[in-house]
Amino acid sequence: MSLAVCLQSHGLSQHLKQGLQALGKHTTCVEMRNRKATASVDLDTALQTSAPNAPRWDYGIEAMEGSQFTCVWIEVHPATSSEVKTVLEKLRWLRGWLSQSSTCRALTHQFYWVATAAGVRIDTARQRQLATAGLKMPKRRVSL
């Protein structure tokens with residue numbers, strides 16, 4: 001199973017793009033090393049009409065290593081202590097959205113926070129909050 005099947009279960013197949021195309025200008029934030037990006041989605045835009053007030057996550061990538069698919073979810077957001085709460089709300093929302101579909105629940109998911117140009121400035125207490133939520137510290141670029 002793959003990201004395409006997950007999106008289909010939510011009625012969003014038309015938003016699937018080839019490779020990293022859905023990331024637009026944020027394509028440079030992701031480096032594909034050991035995996036191949038077979039498809040991507042701009043989830044924020046795809047759900048803008050149906051969930052306008054939801055704290056939507058930005059992007060999903062279908063990453064393939066050998067014959068194994070992983071759904072990689074990328075949030076591009078300022079990486080400061082004051083923004084940790086917002087990103088964690090977005091992560092909770094995304095996990096809830098994924099859990100609405102048995103197809104999506106069956107997939108392997110990885111979650112990443114990509115820091116915007118301002119860099120990373122997160123205090124220790126909020127670093128612990130991220131770790132507790134299963135989200136690694138943000139980076140300027142994600143290597144997959």
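Two strands are taken as paired if DSSP finds at least two bridges between them. In the predicted model described here, strand β3 (residues 36–42) and strand β4 (residues 59–65) meet this condition, being joined by six bridges and running antiparallel. Within this pairing, K36 has M64 of β4 as its bridge partner, and A39 is bridged to E62 of β4.

The chain as a whole contains five helices and seven strands. Read from the N terminus, its elements follow the order α-β-β-β-α-β-β-α-α-β-α-β. The radius of gyration is 14 Å, close to the 15 Å that the globule rule gives for 144 residues, so the chain is as compact as a globular protein of that length. The C-alpha trace spans about 40 × 35 × 25 Å along the principal axes of the chain. Of the 144 residues, 45% are buried. Among contacts with a separation of 6 or more, 64% are between residues 24 or more positions apart.

The exposed surface of the chain amounts to about 7400 Å², and carbon and sulfur atoms supply 47% of this area. With regard to charge, the chain carries 18 positive and 10 negative side chains. The centres of these two sets lie 3 Å apart.

Five of the strands make up an open sheet with the order β1-β3-β4-β5-β6 and mixed pairing. Strands β1 and β6 (109–121) stand at the edges of this sheet, each with a single partner strand, so one side of each is left without a neighbour in the sheet. In general, the strands of a sheet pair through backbone hydrogen bonds, in either a parallel or an antiparallel sense.

The pairings can be followed across the sheet in order. Strand β1 (residues 17–18) is joined to β3 by two bridges, and the two strands run antiparallel. In this pair, Q18 stands opposite A39 of β3. A39 also has a bridge partner in β4, namely E62. The next pair, β3 and β4, is likewise antiparallel, with six bridges.

Strands β4 and β5 pair in the antiparallel sense over seven bridges. One of the bridged positions in β4 is A63, whose partner in β5 is T70. The two strands form a hairpin with two residues between them. G66, which lies in the turn of this hairpin, has a positive phi of about 65°.

Strand β5 is mostly covered, with ten of its 13 residues buried. On the side of β6, β5 is joined by nine bridges, and these two strands run parallel. T80 of β5 has R121 of β6 as its bridge partner.

The residue S81 is placed in the loop between β5 (68–80) and α3 (84–99). The relative accessible area of S81 is 17%, and S81 is therefore buried, the cut-off for this class being under 20%. When residues up to four places away in sequence are not counted, S81 touches R121, I122, D123 and R126. R121, one of these contacts of S81, is also the bridge partner of T80.

Terms used:
Residues are numbered from 1 along each chain as its sequence is written. This is a predicted model: local features need pLDDT of at least 70, side-chain atom pairs count only at pLDDT 80 or more; totals for chains, interfaces and linings use all residues. Side-chain values use heavy atoms; hydrogens and water are left out. Helices (H or I, at least four residues) and strands (E, at least two) are DSSP runs, numbered from the N terminus. The radius of gyration is taken over C-alpha atoms; the globule rule is 2.2 Å times the number of residues to the power 0.38. Buried means under 20% relative accessible area, exposed over 50%, partly exposed in between (1.4 Å probe, protein chains only). Contact means heavy atoms within 4.5 Å. Accessible areas come from the Shrake-Rupley method with a 1.4 Å probe; for residues, only the protein chains shown count as cover. Lys and Arg count as positive and Asp and Glu as negative; His and the chain ends are not counted. The place of a charge is taken as NZ of Lys, CZ of Arg, CG of Asp or CD of Glu.
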